[in-house]
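Visitor: I've got a few minutes and a new model to look at. Could you walk me through it?

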Amino acid sequence: MKSRESLVRLKEFQVNEKRRQLQQLQMMMSEFERMTKDLESQIVVEEKKSGISDPNHFAYPTFAKAARQRADNLQVSIKELKMQEEALELALEEMQAEYARATALEERDSGARAARA
């Protein structure tokens, strides 16, 4: 039953691919979080340097405004990636269940072949 063996290998590949995608997503989120923290610390330094911490003040530093906007954009991206992560985790669970079923079928078939021999 080569087709069952191929199916098992295919399902195993799909499970590994989903795990890899999930890991990449998590690495991207942690990198975005690190970048956000760096930007926030740069904003604090810039505000201390200028003595103005109110973003609505007319003399608020331009760099701090831009950094604040970038940090906000990164936070939005992190939220979107978290939604993708949840969807990927569900897909991974489904793939793992399919892989387990395919493996069980293969084991059953190989056991039946061994019993006939």
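Visitor: Let's begin with the salt bridges. How many does a search of the whole structure find?

Guide: Keep in mind that this is a predicted model. For a pair to count, a side-chain nitrogen of Lys or Arg has to sit within 4 Å of a carboxyl oxygen of Asp or Glu. Searching the whole structure on that basis turns up 6 salt bridges.

Visitor: Take Arg68 and Glu47. How many residues apart in sequence are the parts that this pair ties together?

Guide: Their side chains meet in a salt bridge, at 2.7 Å from N to O. Arg68 belongs to helix 2 and Glu47 to helix 1, so the parts tied together by the pair are separated in sequence by 21 residues.

Visitor: And is Glu47 buried or exposed?

Guide: Glu47 sits in helix 1, which covers residues 2-50. Leaving out residues up to four places away in sequence, Glu47 touches Ile52, Ser53, Tyr60 and Arg68. Its partner Arg68 is partly exposed at 29% relative accessible area. The cut-off for buried is under 20%, and Glu47 has a relative accessible area of 13%, so call it buried.

Visitor: Now Glu17 and Arg20. About how much of a helix separates them?

Guide: These two form a salt bridge, with the closest N and O atoms 2.4 Å apart. Both partners are partly exposed: Glu17 has 24% relative accessibility, and Arg20 has 37%. They are 3 residues apart in helix 1, so the separation is about one helical turn.

Visitor: Which residues are linked with Arg34 in a network of salt bridges?

Guide: Start with Asp38, which forms a salt bridge with Arg34, the closest N and O atoms being 2.6 Å apart. Both lie in helix 1, 4 residues apart, or about one turn of the helix. Asp38 is partly exposed at 33% relative accessibility, and Arg34 is partly exposed at 40%. The network links Arg34 with Asp38 and Glu31.

Visitor: On to the surface. Which residues gather in a patch of negative charge?

Guide: Glu94 is a handy starting point, as it lies in helix 2, residues 62-116. At 53% relative accessible area it passes the mark of over 50%, so Glu94 counts as exposed. The residues gathered in this surface patch are Glu86, Glu89, Glu93 and Glu94.

Visitor: There's a nonpolar patch on the surface too. About how much accessible area do its residues have together?

Guide: One of its members, Phe13, lies in helix 1. Phe13 counts as exposed because its relative accessibility is 54%, with the cut-off at over 50%. Taken together with Leu7 and Leu10, the patch has an accessible area of about 280 Å².

Visitor: One last pair: Leu105 and Glu5. How far apart in space are they, C-alpha to C-alpha?

Guide: Leu105 is in helix 2. With 29% relative accessibility, Leu105 counts as partly exposed. Along the sequence, Leu105 and Glu5 are 100 residues apart, while in space their C-alpha to C-alpha distance is 9.6 Å.

Terms used:
Residues numbered from 1 in each chain as written. Predicted model: local features only at pLDDT ≥ 70, side-chain atom pairs only at ≥ 80, totals over all residues. Heavy atoms only, no water. Patch = residues over 30% accessible without salt bridge, like charges linked within 9 Å, V, L, I, M, F, W, Y side chains within 5 Å. Areas by Shrake-Rupley, 256 points an atom, 1.4 Å probe, with all protein chains shown as cover. Lys, Arg positive; Asp, Glu negative; His and termini not counted. Charge placed at Lys NZ, Arg CZ, Asp CG, Glu CD. Helix = DSSP H or I, 4+ residues; strand = E, 2+ residues; numbered from the N terminus. Buried < 20%, exposed > 50% of the residue type's maximum accessible area, 1.4 Å probe, protein only. Contact = heavy atoms within 4.5 Å.
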